[in-house]
Amino acid sequence: MSAAATRRLTTAQALVRFLAAQYTERDGVRLRLIAGTWGIFGHGNVAGLGQALVEYREAMPYHQGRNEQAMVHAAVGHARHLNRLSAQAVTTSIGPGATNLVTGAALATINRLPVLLLPGDYFASHAADPLLQQLEHPVEADVSVNDALRPVSRYFDRITRPEALLTSALNAVRVLSDPAETGAVTLALPQDVQAQAYDWPEEFFADRVWRVRRPAPDPAELAEAVRAIRAAARPLIVAGGGVHHSEAEPALQALVDATGIPVASTQAGKGALRHDHPADLGGIGHTGTAVSDALARTADLVIGVGTRYSDFTTASGTLFQHPGVRFLNLNITAFDAHKLAAATLVCDARSGLAALTDALAGHRVDAAYETEYRTGRARWEEAVEGAFRADDDSAVPTQTQVLGALDTVVGDEDVVINAAGSLPGDLHKLWRARSPRQYHLEYGYSCMGYEIPAALGVQQAAPDTPVWALVGDGTYLMNPTEIVTAVQENLPVKLVLVQNHGYASIGGLSESVGAERFGTDYRHRVADGSFTGAPLPVDLAANAASLGMDVLRAKTVRELREALSTARAATRPTCVYVETAPPGTALPAEAWWDVPVAEVSAREAATQARAAYERAVADRRRHL
């Protein structure tokens with residue numbers, strides 16, 4: 001009997017070859033699981049993974065990043081746009097390169113999005129000890145800075161021997177491809193082990209397909225869900241990101257068309273129904289629409305589909321106020337399905353929605369209820385039109401008029417990306433999502449600096465799609481460096497850079513909680529120590545141009561529309577720069593958000609804010 005075939009490679013070479021042979025498949029569609037690797041090289045990975053990526057560059061595409069956190073954001077944007085069926089890897093050196101991954105890893109795991117992290121690590125042999133950038137722990141010699149990634153990873157391992165990769169690589173891919181378990185996966189790679197050779201079994205490098213399952217609902221749970229829906233007079237669906245990840249939008253529409261149940265959407269779920277569907281109520285919660293939040297307060301059954309019920313969605317537990325309100329949660333993850341003491345339907349979103357539609361045949365909500373929410377929709381649409389309208393094309397646009405101008409330019413296929421600041425509130429309330437993938441808001445972590453790198457990842461996933469990154473000046477200053485990567489890789493992303501000279505969102509929040517907008521302006525310091533002087537002489541448009549973007553400056557509403565049209569047709573990375581006029585937002589929040597206010601203070605602003613806080617918090621409910 002002949003010995004099993006083996007191939008002698010380094011650990012890093014074996015890992016790259018293995019990753020290049022992994023695929024996902026769902027509904028007969030097969031995608032490469034690790035579509036490429038982002039990397040910034042240092043002494044912890046250049047001789048190992050760096051050499052392996054050169055050796056196998058035809059098998060594993062490589063993308064050069066400028067900031068480690070940004071590389072994770074780009075990979076997350078790619079994975080989200082492809083419904084978690086394809087991911088990217090990120091490699092860094094030991095030390096600051098590795099710790100820069102932590103924020104991106106937290107974002108990925110919180111949003112249930114796959115990304116593979118491959119940071120370098122210390123010498124497993126401790127031959128060079130301590131080496132450059134190594135953390136020395138006095139009582140735990142096996143700890144490195146990479147251990148900071150443990151709490152934000154869905155799977156973590158340190159590969160201290162080459163053969164350990166045989167098991168760990170399979171576990172890593174299992175988690176990445178599992179819709180109920182996915183998130184950031186970390187394989188910490190000691191730099192000496194990366195370079196060590198081993199005789200790998202050929203089977204390790206064979207093409208492997210990970211089928212992404214669509215578990216069906218349990219019959220007993222389905223029966224209970226049907227009874228609850230049939231008994232409800234005022235049911236409301238809350239659509240979360242799981243609708244998109246499962247590609248369940250047609251199944252959701254079929255259920256809604258059959259039953260008349262209205263749909264409100266979380267930030268991750270917006271676009272689950274097209275904006276002009278008669279049952280689409282828009283966003284829900286603190287940044288929701290008036291019609292969504294009004295119905296949420298009177299709903300007797302809330303049907304969550306693929307949502308994790310963040311505090312923005314529930315208005316910190318104050319939104320769902322019907323005395324007998326109950327919850328029914330359809331989610332592929334039992335952890336999320338059980339929230340708010342709900343009846344559960346633990347299954348794939350598309351499978352579960354289709355089963356509900358079949359089981360509810362002939363059932364429809366009362367006609368008066370449909371009339372009520374459709375009337376509310378019409379009133380809200382008038383509010384949107386008013387916020388978007390610019391009566392004077394020669395005027396400086398407000399922020400909502402910027403969105404209105406973009407609304408007139410984009411097509412159904414365009415993708416609009418945002419994550420932090422005052423824009424998420426305006427977008428959730430006002431944006432008219434035309435397709436399931438158009439509205440791309442990262443609001444699980446609300447990470448400033450996500451937008452530009454995420455746009456690169458989306459552009460890689462959809463090369464022929466216009467991709468817009470909407471950023472304020474505060475967010476831009478956090479992480480503009482991937483503009484250089486966009487130029488290098490000729491990714492024609494469109495950047496809308498809104499200059500309002502400070503943190504507009506947190507400034508408004510600061511004022512509402514008695515902190516008097518302290519530390520939220522980008523202005524000169526004046527004699528009393530506050531930042532209330534003239535705006536700083538900072539030219540962000542010139543900065544974007546210096547990084548290689550084509551820049552279009554727009555001073556009026558008319559110039560803004562023209563610039564946006566030009567940017568949409570551009571084949572190079574293009575920035576539209578606009579300074580906005582107050583007010584920062586046109587429509588107030590329709591629901592509360594809990595930000596605790598100082599219980600005692602000598603300042604009147606804080607005292608008044610505390611009184612308002614105590615009135616609001618009295619409405620909080622514990623749903624048991």
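**Q&A on a predicted model**

Colleague: At its relative accessibility, does alanine 315 count as buried or exposed?
Modeller: Keep in mind that this is a predicted model. The relative accessibility of alanine 315 comes out at 0%. The cut-off for burial is under 20%, so alanine 315 counts as buried.

Colleague: What is the phi of alanine 315, given that it is not a glycine?
Modeller: Alanine 315 sits in the loop between helix 12 (311-314) and strand 16 (326-331). Most residues other than glycine have a negative phi. Alanine 315 has a positive one, and the value is about 50°.

Colleague: How about leucine 340: what is its relative accessible area?
Modeller: Leucine 340 also has a positive phi, about 65°, without being a glycine. You'll find leucine 340 in the loop between helix 13 (334-337) and strand 17 (343-346). Buried means under 20% and exposed means over 50%, so leucine 340 lands in the partly exposed class with a relative accessible area of 23%.

Colleague: Which residue does a cis peptide bond join to aspartate 129?
Modeller: Most peptide bonds are trans. Here omega is about 0°. The second residue lies in the loop between strand 7 (115-121) and strand 8 (155-158), and the bond joins aspartate 129 to proline 130.

Colleague: Zooming out, what radius of gyration does the protein chain have, and how does that sit with a compact globule?
Modeller: The C-alpha trace spans about 80 × 70 × 55 Å along its principal axes. For 624 residues, a compact globule would come out near 25 Å. The chain agrees with that, because its own radius of gyration is 25 Å.

Colleague: What share of the contacts in the protein chain with a separation of 6 or more comes from residues 24 or more positions apart?
Modeller: For context, the chain has 24 helices and 23 strands, and 57% of its 624 residues count as buried. Among the contacts with a separation of 6 or more, the share from residues 24 or more positions apart is 76%.

Colleague: In the open sheet of six strands, which strands stand at the edges?
Modeller: The order is 19-18-20-21-23-22, with parallel pairing. An edge strand has a single partner, so one side of it is left without a neighbour in the sheet. The twist averages 20° from one strand to the next. The strands at the edges are strand 19 (439-441) and strand 22 (550-554).

Colleague: Which residue in strand 20 stands opposite valine 416?
Modeller: Strand 18 (residues 415-418) and strand 20 (residues 467-472) run parallel and are joined by three bridges. Across that pairing, the residue opposite valine 416 is tryptophan 468.

Colleague: What angle does the direction of helix 18 make with that of strand 20?
Modeller: Helix 17 (residues 423-430) lies across strand 18, strand 19 and strand 20, running at about 150° to strand 19. Helix 18 (residues 451-461) packs on the sheet too, touching strand 18, strand 19, strand 20 and strand 21 (494-499). Its direction relative to strand 20 is about 175°.

Colleague: Where is threonine 574 placed?
Modeller: Threonine 574 counts as buried because its relative accessibility is 3%. Beyond residues up to four places away in sequence, its contacts include Val493, Leu495, Met549 and Leu552. The place of threonine 574 is in strand 23.

Colleague: In the open sheet of three strands, what order do they have?
Modeller: Strand 2 (residues 22-26) pairs with strand 11 in the parallel sense over four bridges, with glutamate 25 standing opposite arginine 211. The pairing in the sheet as a whole is mixed. Strand 3 (29-32) and strand 11 (208-211) are the edge strands, each pairing on one side only. That fits the order 3-2-11.

Colleague: Which helix gives the most to the largest nonpolar core?
Modeller: That core has 81 residues, and those touching the most other members are Ile237, Leu252, Leu356, Trp468, Leu470 and Leu564. Isoleucine 237, for one, touches residues including Leu252, Val256, Ile303 and Val305. The biggest giver supplies six residues, and that's helix 15.

Colleague: How far apart in space are alanine 87 and glycine 77, C-alpha to C-alpha?
Modeller: Alanine 87 is in strand 6 (residues 87-92), and it counts as buried because its relative accessibility is 0%. In sequence, alanine 87 and glycine 77 are ten residues apart. In space, the C-alpha to C-alpha distance is 9.2 Å.

How values were computed:
Residues are numbered from 1 along each chain as its sequence is written. This is a predicted model: local features need pLDDT of at least 70, side-chain atom pairs count only at pLDDT 80 or more; totals for chains, interfaces and linings use all residues. Side-chain values use heavy atoms; hydrogens and water are left out. Two strands pair if DSSP finds at least two bridges between them. Helices (H or I, at least four residues) and strands (E, at least two) are DSSP runs, numbered from the N terminus. Axes are lines fitted to C-alpha atoms, for helices over the stretch in contact, and angles run from 0 to 180 degrees between N-to-C directions. Contact means heavy atoms within 4.5 Å. The radius of gyration is taken over C-alpha atoms; the globule rule is 2.2 Å times the number of residues to the power 0.38. Buried means under 20% relative accessible area, exposed over 50%, partly exposed in between (1.4 Å probe, protein chains only). A nonpolar core is a set of buried Ala, Val, Leu, Ile, Met, Phe, Trp, Tyr and Cys residues joined through side-chain atoms within 4.5 Å.
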